[in-house]
Amino acid sequence: MPRPRLVYRCQACGRASPQWMGKCAGCGEWNTLEEDVEAPRKPASPERTGKSAPVPLSQVASTSFSRRECGIGELDRVLGGGIVEGSLVLIGGDPGIGKSTIMLQMAHRLALAGMATLYVSGEESAVQLRMRSERLGITSERILVYAEVVLEEIREEIARSRPDVVILDSIQSVYSAGLDAPPGSVSQIRESAGVLMEIAKGTGTVVFVVGHVTKEGWIAGPKMLEHLVDTVLYFEGDASGAYRILRAVKNRFGTSGEIGVFEMKSTGLHEVRDPSSIFIHGLGGEVSGSAVMATIEGSRAFVVEVQALVSRTAYSMPRRISIGSDQSRLSVLLAVLEKRSGVFLSNSDIVVNIAGGMKVSEPAVDLAVVMSILSGSLDKPMKKGMVCIGEIGLGGELRPVNHMESRLREAVRMGFTGALIPASNLDSVSSLKGMQLIALQHVRDALGHLS
Ligand SMILES: Nc1ncnc2c1ncn2[C@@H]1O[C@H](COP(=O)(O)OP(=O)(O)OP(=O)(O)O)[C@@H](O)[C@H]1O
Ligand SMILES: [Mg+2]
């Protein structure tokens, strides 16, 4: 009988190594190897072999999966239209961001629709959960609270009570008594995820798993958990601020990249149905160092404000800080500005921030970043009611972006009257009433559009 052996497992990619190394040979991350016990593999059971045979794709029976709205519009949107029977959903996020809150609120809505939820709490006692539910004004006979951390017990309870939905809060606190590894270790998490997947697929129960994110930004420890589950949702935003963004990073039953916006109040997470209204204030044109752009997240467009602070540096190496947009992209844009339009900022510290805790990773934000920096550096505000949308190439040329028309429509809806856009995008947009389009070929042309 093979015995468990000690290995060092990368917390990022899950690769096991017989000895400790500073750098993982699999993913190249540093200091990610931690002690772990590798359980021996079970020999393939003879009765399983030969039971299934390959089937032509055309002959596979097609069943449409059953989806049900949970009643929280922003959560339903991120899930691709509601919860799907037999799906395993991972919800991750920083400590205190609101994972348990949204799960309890969802359980409440589902209870109102007649669905039973088993809330397995490994982190908090039943009393703590009760205190939260009182604060949120939630009480229901259909929500069963189960403070348990042993996987086998949880499995039995699910088989006994047959809930429609299981919430496991959190996967790091649960352990299998059959594995000689601590809770939260890679083997335990993998084991728990395997069992939960079996429950979800075998019984049609919808399983939500809460996972913490480590400092490095992984669902602790393993990233591989993301591969195992059907849907991965991440809570983003500053836990000390009011707004939270729930993002679908992966979804086997819907579009990934979809986001939901919430506001955290003492009564729980409240949906923000019109995100544009929280990310901008007014139509700009008042202060320097600010430019507005319209971004696309999933199927939705909304406007965000890019702010830049440009100040004389006190260091030999000026500082470049980018909050909410790509840091290395900022360096590239500054180099392009210097080389292609003769704007020298090498004596300036530059901080770029997307207001409201929003993250914009698409290159369509380039023009707004550049305009906010130029506006901050020259101390000239942008013209009032102007949005800037466009990608900037290394030659300084403005490159077209996708969904330009949806972006412009959203800007018009919010009261904007002018847009700086790449000339190459003009063909893709029909004329919009009340919106003056200014086509730019090159980043140097943008300089003349500060007031
Ligand atoms: N009385 C309150 N009034 C307003 N907001 C509160 C109150 N109590 C808690 N909160 C908010 O709820 C957040 C905690 O929510 P929750 O417990 O759902 O987060 P979590 O992601 O599950 O955290 P953890 O990682 O600790 O499990 C706090 O950070 C705070 O923003
Ligand atoms: Mg919690």
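This briefing goes through the domains, the sheets, a helix pair and the ligand surroundings of the structure above. The model is a predicted one, and the protein is divided by its domain assignment into domain 1 (5-38), domain 2 (67-273) and domain 3 (277-449). Among its sheets are an open one of three strands with antiparallel pairing and an open one of nine strands with mixed pairing.

**Domains and their contact**

- The C-alpha centres of domain 2 and domain 3 are 37 Å apart, and the contact between these two domains involves 11 residues of domain 2 and eight residues of domain 3.
- On the side of domain 2 that touches domain 3, the residues divide by class into four nonpolar, four polar and three charged.

**The three-strand sheet**

- The strands of this open sheet follow the order E2-E1-E3, with antiparallel pairing, and its edges are formed by strand E2 (16-17) and strand E3 (33-38), each of which pairs on one side only.
- Strand E1 (residues 5-10) runs antiparallel to E3 and is joined to E3 by six bridges; within this pairing, Tyr8 has Glu35 of E3 as its bridge partner.

**The nine-strand sheet**

- Read across the open sheet, the strand order is E8-E7-E9-E10-E6-E11-E12-E13-E14, and the pairing is mixed.
- Strand E8 (143-146) and strand E14 (268-271) are the edge strands, each pairing on one side only, while neighbouring strands of the sheet are turned against each other by 25° on average when direction is ignored.
- At one end of that order, strand E7 (residues 117-121) pairs with E8 in the parallel sense over four bridges, and Tyr119 stands opposite Val145 in E8.

**Helices around the sheet**

- Helix H3 (residues 126-136) lies across E7, E8 and E14, and the direction of H3 is at about 125° to E7.
- Helix H4 likewise lies across E7 and E8, together with strand E9 (165-169), and runs at about 165° to E7.
- Helix H4 (residues 151-161) also packs with helix H5 (residues 186-203), at an angle of about 10° and with the two axes 11 Å apart; because of that angle, H4 counts as roughly parallel to H5.
- In this helix pair, Leu151, Arg155 and Ile158 of H4 meet Glu191, Ser192, Val195 and Ile199 of H5, and by class the residues of the contact are four nonpolar, one polar and two charged.

**Strand pairings of E18**

- Strand E16 (residues 300-312) and strand E18 (residues 348-354) run antiparallel and are joined by seven bridges, with Val310 having Ile350 of E18 as its bridge partner.
- Strand E17 (residues 320-323), by contrast, runs parallel to E18 and is joined to E18 by four bridges; here the bridge partner of Ile323 is Asn353 in E18.

**Surroundings of ligand 1**

- There are 14 residues around ligand 1, and those that come nearest are Gly96, Lys99, Ser100, Thr101 and Ser266.
- Helix H2 (residues 99-112) provides the largest share of the shell around ligand 1, namely three residues.
- Sorted by class, the shell around ligand 1 consists of four nonpolar, seven polar and three charged residues.

Definitions and conventions:
Residues numbered from 1 in each chain as written. Chains lettered and ligands numbered in written order. Predicted model: local features only at pLDDT ≥ 70, side-chain atom pairs only at ≥ 80, totals over all residues. Pairing = 2+ DSSP bridges. Helix = DSSP H or I, 4+ residues; strand = E, 2+ residues; numbered from the N terminus. Near = placed C-beta within 6 Å. Nonpolar A, V, L, I, M, F, W, Y, C, P; charged D, E, K, R; others polar. Domains from an automatic or database assignment. Contact = placed C-beta atoms within 7 Å. Axes fitted to C-alpha atoms, helices over the stretch in contact; angles between N-to-C directions. Parallel < 35°, antiparallel > 145°, perpendicular 65-115°, else oblique.
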